[in-house]
Amino acid sequence: MPSPKAKNPGRSGGSPVLGSSNGRYEFMSLTKPLNRSSPPHLLQRQGSDPTTARLRASESPTRRRGSGSSTGSASGQGPPEEDALSSLLAIDLWLSKQLGVCACEDSSWGSVRPLMKLLEISGHGIPWLAGTAYCLYKSDSAAGQEVMLNLFMGLLLDLILVGIVKAVVRRRRPAHNRMDMFATFSVDRYSFPSGHATRAAMCGRFLLAHLVLAAPLRVLVLLWVGLVGLSRVMLGRHNVTDVMFGFWMGYCQYNLVEMLWLSPQTLQGLLGQSA
Ligand SMILES: CC(C)=CCC/C(C)=C/COP(=O)(O)O
């Protein structure tokens with residue numbers, strides 16, 4: 001099979017192809033022979049259609065280190081946990097590709113791509129930061145200002161933490177993603193975790209705890225969180241595990257926001273110290 005690196009350099013939306021030269025893990029291998037425990041749908045897909053084969057090649061998680069030959073679990077003889085992880089990640093990539101039905105206009109659900117992009121904007125950092133800053137500025141009650149200030153801090157914390165994890169893990173976005181997002185940081189060429197999912201989960205919890213009390217609106221908030229996550233996979237931006245982990249991370253980030261909660265007294269103390 002021709003090298004995906006040479007043949008298809010920009011296929012993953014501008015993400016660098018992580019190969020053996022930098023000695024980093026890639027996430028999963030559909031190029032290596034699957035062992036008998038592999039799900040039947042994956043076995044069936046081995047070497048089937050050329051597009052899938054090319055995609056598989058560009059998604060290879062095989063740890064191609066040193067000589068480039070894969071050993072151990074690559075041949076199904078490695079530690080069972082490595083095989084289990086490989087299988088799990090193979091299922092993740094397979095499922096994500098199946099669900100990436102809005103990855104481009106001519107995908108099977110390409111007509112709903114604009115709607116998915118609307119959901120993308122609704123969970124983007126810029127509208128959230130700008131909206132929170134505006135509400136903070138407009139709020140005339142101390143309680144309102146306190147809530148908005150903490151939401152703002154939470155959003156900044158989210159950007160920092162997601163940036164760190166993305167930079168450390170450096171998982172490539174799915175090969176079928178078209179990198180046409182607006183206003184991204186350089187780490188956003190990586191996909192793990194989904195920043196939209198962390199933000200949606202954290203803001204969702206924040207809204208439910210501090211701002212949205214009416215039951216129908218609370219349901220809408222939960223629906224929005226779920227749809228933002230689903231849209232990341234449908235747009236082809238993320239694999240399912242990026243979004244699942246993102247939800248978990250955002251959920252935990254809210255706990256951190258509560259722990260670090262800036263009360264008016266804390267603020268006065270901080271301002272008093274700096275004056
Ligand atoms: C420029 C600012 C303020 C935020 C960037 C928001 C962004 C584009 C995050 C990437 O999200 P995914 O990881 O879900 O693709």
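Two residues are taken to be in contact when their C-beta atoms, placed from the backbone, lie within 7 Å. In this predicted model, that criterion links helix H7 to helix H10 through Asn150, Gly154, Leu157, Asp158 and Leu161 in H7, which meet Gln253, Leu256 and Val257 in H10. By class, the contact of H7 with H10 comprises 4 nonpolar, 3 polar and 1 charged residues. The axes of H7 (residues 142-169) and H10 (residues 240-259) come within 10 Å and cross at roughly 130°, and the two helices are therefore oblique to each other. In this crossing, H7 passes H10 in a right-handed sense.

H7 also packs against helix H6 (125-138). Here the axes come within 9 Å and cross at roughly 155°; because angles over 145 degrees count as roughly antiparallel, H6 and H7 are assigned to that class. The crossing in which H6 passes H7 is left-handed. On the H6 side the contact is formed by Gly125, Trp128, Leu129, Thr132, Ala133, Cys135 and Leu136, and on the H7 side by Gln145, Met148, Leu149, Leu151, Phe152, Leu155 and Leu159. These residues divide into 11 nonpolar, 3 polar and no charged.

A further contact joins H10 to helix H8 (195-211), with axes that come within 7 Å and cross at roughly 40°, which makes H8 oblique to H10. The crossing of this pair is right-handed. From H8, the contact draws on Ala197, Thr198, Arg199, Ala200, Ala201, Met202, Arg205 and Phe206, and from H10 on Val243, Gly246, Phe247, Met249, Gly250, Tyr251, Gln253, Tyr254 and Val257. Its composition is 11 nonpolar, 4 polar and 2 charged residues. Gln253 and Val257 of H10 thus appear in the contact with H8 and also in the contact with H7.

The loop between H7 and H8 contains two residues with notable backbone geometry. Arg170, which lies in this loop, has a phi near 50°, a positive value in a residue other than glycine. Pro193 lies in the loop between H7 and H8 as well, and the peptide bond that leads to Pro193 from Phe192 is cis, with omega near 0°.

Around the ligand there are 15 residues, of which Gly125, Ala183, Ser194, Gly195 and His196 come nearest. The elements that give two or more residues to this shell are H6 and H8, and the largest share, 3 residues, comes from H6. By class, the shell consists of 6 nonpolar, 6 polar and 3 charged residues. Gly125, one of the nearest residues to the ligand, is also among the H6 residues that meet H7.

The unreviewed UniProt entry lists residues 146-258 as "domain: Phosphatidic acid phosphatase type 2/haloperoxidase". Over this span the chain is 71% helix and 0% strand, with the end C-alpha atoms 12 Å apart. The annotation "transmembrane region" in the unreviewed UniProt entry covers residues 147-169 and 206-227. Over residues 147-169 the chain is 100% helix and 0% strand, and the end C-alpha atoms are 32 Å apart, whereas over residues 206-227 the chain is 86% helix and 0% strand, with the end C-alpha atoms 17 Å apart.

Notes. Residues numbered from 1 in each chain as written. Predicted model: local features only at pLDDT ≥ 70, side-chain atom pairs only at ≥ 80, totals over all residues. UniProt positions renumbered as here; feature names shortened; annotations may be inferred. Helix = DSSP H or I, 4+ residues; strand = E, 2+ residues; numbered from the N terminus. Near = placed C-beta within 6 Å. Nonpolar A, V, L, I, M, F, W, Y, C, P; charged D, E, K, R; others polar. Axes fitted to C-alpha atoms, helices over the stretch in contact; angles between N-to-C directions. Parallel < 35°, antiparallel > 145°, perpendicular 65-115°, else oblique. Left-handed = near helix turned anticlockwise from the far one by under 90°.
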